[in-house]
Each structure stands twice: as C-alpha cells, then as structure tokens.
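Thanks for coming, everyone. Let me put the model up and walk you through how its helices fit together.

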Amino acid sequence: MLRRMREGGVTPDAISYAAIVQAHVNGGSVDGARAALDEAVESGTRLDAAVFNALLGGYASELRWSDASELVRAMAARGVPPDGVSYGLLRSAPFCSCLE
C-alpha cells in the first residue's frame, strides 16, 4: 500500500500510517503493524498518538504487556505523550510500570 501511494506521488502522513498500522492489527498481524510503525518512524513522518495507539491496541489484545511498555517509552522518546486512548488501552495491564 505504501509503495503504491509513493508511486502515485502521494507522501504518506500520520493518518495514512495509522490506518495501515490498524489494518495490520485488524488482520491479526501485530508484528506487521510494528514493522509499519517502524517504517513510519524511519521516514521522518511527524507521528501522533493515534499511530502508536493503533499498535498499542494490538499489543493489549494479545496481552503483550512488555511490548506495550516499550512502545509507551518509545512514544515519550519521540515527544508523543500517551493520551486518554493510550491509558484506556493499558487499563487491563497487570502492572503500571509502562505508564511511569
């Protein structure tokens, strides 16, 4: 999808990446979602919490709390603070260290 966008002269933005990450999660490929997020980061696109939350939801649905914790730290490192959706997705985490 991203390749076709670029071939068509369209530069993917945060909304595009959020949709692609969410599509991977919805399709059961959380690791594919992570790869798409990593590509977004590498592209230098200015990302918002929605892009990260799409993957965070995937990690939460698979109970991958260690990955969720790492993702929240990565958000903070990129200057994207967790928002209400982020905290809502993490509400069932068995620990809260990812929110510190």
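Start with serine 86. Serine 86 is buried, at 0% relative accessible area. This is a predicted model, by the way, so keep that in mind throughout.

Where does serine 86 sit? Its place is helix α6, residues 84–89. Which residues is serine 86 in contact with, beyond its neighbours within four places in sequence? The answer is Asn53, Leu56 and Met75. Now look at glycine 57. Serine 86 and glycine 57 lie 29 residues apart in sequence, and their C-alpha atoms are 8.3 Å apart in space.

On to helix α4, residues 49–61. I'll take its partners one at a time.

Partner one is α5, residues 65–77. The axes of α4 and α5 cross at roughly 170° and come within 9 Å. Anything over 145 degrees counts as roughly antiparallel, so that is how α4 and α5 run. On the α4 side, the residues are Ala49, Phe52, Asn53, Leu55, Leu56, Tyr59 and Ala60. On the α5 side, they are Trp65, Asp67, Ala68, Leu71, Val72 and Met75. By type, that contact has eleven nonpolar residues, one polar and one charged. Remember Asn53, Leu56 and Met75 from a moment ago: serine 86 is in contact with those three.

Partner two is α3, residues 30–43. α3 and α4 pack at about 160°, with axes 10 Å apart. That makes the two helices roughly antiparallel. The crossing of α3 past α4 is left-handed. From α3, the contact uses Val30, Ala33, Arg34 and Leu37. From α4, it uses Val51, Phe52, Leu55, Gly58 and Tyr59. The split here is seven nonpolar, one polar and one charged.

Partner three is α2, residues 14–26. What is the angle between α2 and α4? About 5°, with the axes 8 Å apart. So α2 and α4 are roughly parallel to each other. α2 brings Ala14, Tyr17, Ala18, Val21, Gln22 and Val25. α4 brings Ala50, Val51, Ala54, Leu55 and Gly58. Count the types: nine nonpolar, two polar and no charged.

Let's stay on α2. It has 13 residues and reaches 18 Å from first C-alpha to last, close to the 18 Å expected at 1.5 Å a residue. Its buried residues are Ala14, Ser16, Tyr17, Ala18, Ile20, Val21 and Val25. What do they pack against? Three helices: α1, residues 2–7, together with α3 and α4.

Back to α3 for its length. Its 14 residues should span 20 Å at 1.5 Å a residue, and its end C-alpha atoms are 20 Å apart, which agrees. Buried in α3 are Val30, Gly32, Ala33, Arg34, Ala36, Leu37 and Ala40. Notice Arg34 in that list: it is buried, and it also takes part in the contact with α4. The buried residues of α3 pack against α2, α4 and α5.

Last, two backbone spots. Just after α3, glycine 44 takes a positive phi of about 85°. Then there is leucine 63, in the loop between α4 and α5. Most residues other than glycine have a negative phi. Leucine 63 is not a glycine, yet its phi is positive, about 55°. Is leucine 63 buried or exposed? Its relative accessibility is 59%, so leucine 63 counts as exposed.

That's the tour. Over to you.

Conventions. Residues are numbered from 1 along each chain as its sequence is written. This is a predicted model: local features need pLDDT of at least 70, side-chain atom pairs count only at pLDDT 80 or more; totals for chains, interfaces and linings use all residues. Side-chain values use heavy atoms; hydrogens and water are left out. Axes are lines fitted to C-alpha atoms, for helices over the stretch in contact, and angles run from 0 to 180 degrees between N-to-C directions. Helices (H or I, at least four residues) and strands (E, at least two) are DSSP runs, numbered from the N terminus. Angles under 35 degrees count as roughly parallel, over 145 as roughly antiparallel, 65 to 115 as roughly perpendicular and the rest as oblique. A crossing is left-handed if the near helix is turned anticlockwise from the far one by less than a right angle, and right-handed if clockwise. Contact means heavy atoms within 4.5 Å. Ala, Val, Leu, Ile, Met, Phe, Trp, Tyr, Cys and Pro count as nonpolar, Asp, Glu, Lys and Arg as charged, and the others, Gly among them, as polar. The expected span of a helix is 1.5 Å times one less than its number of residues. Buried means under 20% relative accessible area, exposed over 50%, partly exposed in between (1.4 Å probe, protein chains only).
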